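Me: Please take a close look at a single part of this structure, and then lead me from there to other parts of the chain, step by step.

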Amino acid sequence: MSLGVYVHLPFCPYICPYCDFAKWPMRPSAANAYLAALYAEIGREPVATAETIFLGGGTPNAYDAGTVAGLIGRLREHFPAPAGLEPEISVETNPELVRTGDFEAYVAAGVTRLSIGVQSFVPDEIRTLGRKHTPEQVRTVAEQARAAGIASVSIDLMFAVPGQTADSWRLSLERALALGVDHISTYGLTIEEHTPFDAWHTREPRAFFDDTREAEVYAIAIDTLEAAGFEHYEISNFARPGHASLHNANYWANGEYAGLGVGAASYRGGERSVHTRDLQRYIEAVTSGQPIPSESESLTGYRRVGEAIMLALRTSRGVDLREFAGRYGVDVREHYAPAIAEYCEAGLLEDDGRSLRLTKQGRFVANDVCGAFLSFE
Ligand code: SF4
């Protein structure tokens, strides 16, 4: 697979109290300066083919559709798709900022996937999360995306939200399904340090889900979405056939990607690097021709293999043993025999002779099982 390109657009109409992304409240002057820096960073990158382009954030549609379309045009020029291939181009969107005609402009620019940040269809939960859209807005946006011809429409939902119940979570899943979307991502709320939710959690830990309750609602997502014909193709992701995200599949396949923008991560030539999360430093460095302050580390040897196993195990395809032997020169079953034996015995992993995969039970403790492969030398 060739490169995946991620572009971070960090401005939001307001800041959600659980969020730990690199993000800032929308200010036109900062947003313009940032865009100019982003164009300059694109110009510095070596020209390369890319099968996927992903605009995330932040809130990409805090910029108007013409600006987003212009940026996509510039990216497609600099990172053309391999000959004969239509690139997958994804944009995250906040439903309350969508304006008439936005998606027609996106489709004309080549956008094939739209990821709508919904989190919940239950007004109380939406309020708890500090979001401001209404379920009605989400329905309109999904319909507009369809009518404009966006090939894959995805919705993000969040579970383990304080105040959520099994019934209210089911309702969100069912409302998403009723919209006829092609893809649903479900994420458990995580408490990120130094966020308002972190302070709330310290004050009132019982307002939040424990592991058992979290596993219960995650199980509801799996059962509901699989029964509706969605494939649970990655721990947090469900798709109708033909609608899995290729951009994310490249991450899980340990493929190479270029991350552009403040706080963006890249992985190329065995090196992982992350740009500074300081907006001003990012803009100043790029516009003055200086290197972008970044942290980087080389992934070599079994560290690299362990990461690749951890990522592959997140997917329903799992670790293809022959492919790993060819790509990394390692006999996974032999080198990781103690961990594989332990988790197979516990019913968390299955080994069918060709691949290693999480069992249904294993999906509930995926972080523990996947993480165990990182500690092998
Ligand atoms: S809209 Fe998304 S990126 Fe922006 S503050 Fe909320 S969760 Fe964070």
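Reply: In this predicted model, Val-68 is in contact with Leu-55, Pro-60, Asn-61, Tyr-63, Val-91 and Tyr-106, if we leave aside its neighbours within four places in sequence. Val-68 also belongs to the largest nonpolar core, which has 81 residues, and together with Val-5 and Phe-159 it touches the most other members. The largest share of this core, six residues, comes from helix α2, which covers residues 65–78. Apart from it there is a second, separate core of 20 residues, whose members include Ile-309, Tyr-336, Leu-349 and Cys-370. As background, nonpolar side chains in soluble globular proteins tend to be buried together.

From α2 we can step back to the loop between β4 (50–57) and α2, where Gly-58 is found. The peptide bond that leads from Gly-57 to Gly-58 is cis, with omega near 20°. Both of these glycines are also part of the surroundings of the ligand, together with Cys-12, Ile-15, Cys-16, Cys-19, Phe-21, Lys-23, Thr-59, Asn-94 and Gly-117. Sorted by character, the residues of this shell divide into five nonpolar, five polar and one charged.

A helix further along the chain, α5, shows how burial can be arranged around an axis. Helix α5 runs over residues 135–148, so counted in DSSP runs it has 14 residues, and it reaches 20 Å from its first C-alpha to its last, close to the 20 Å expected at 1.5 Å a residue. Its buried residues are Val-138, Val-141, Ala-142, Gln-144 and Ala-145. Because these residues cover an arc of only 160° around the axis, they lie on the same side of α5. It helps to recall that an α-helix has 3.6 residues a turn, so residues three or four places apart point the same way. The buried residues of α5 pack against α3 (102–109), β6 (113–119) and β7 (152–159), whereas Glu-136 and Ala-147, on the other side of α5, are exposed. Just after the helix, Gly-149 takes a positive phi of about 95°.

A positive phi also appears at two residues that are not glycines. His-194, in the loop between β8 (183–188) and α7 (196–203), has a phi of about 65°, and it is exposed, with 8 other C-beta atoms within 10 Å. Asn-254, in the loop between α9 (246–252) and β11 (257–260), has a phi of about 60°, and it is partly exposed, with 19 other C-beta atoms within 10 Å.

Notes:
Residues numbered from 1 in each chain as written. Predicted model: local features only at pLDDT ≥ 70, side-chain atom pairs only at ≥ 80, totals over all residues. Near = placed C-beta within 6 Å. Nonpolar A, V, L, I, M, F, W, Y, C, P; charged D, E, K, R; others polar. Helix = DSSP H or I, 4+ residues; strand = E, 2+ residues; numbered from the N terminus. Expected span 1.5 Å × (residues − 1). Buried ≥ 20, exposed ≤ 12 C-beta atoms within 10 Å, placed from the backbone. Arc of directions from axis to C-beta. Contact = placed C-beta atoms within 7 Å. Core = buried A, V, L, I, M, F, W, Y, C linked by C-beta atoms within 7 Å.
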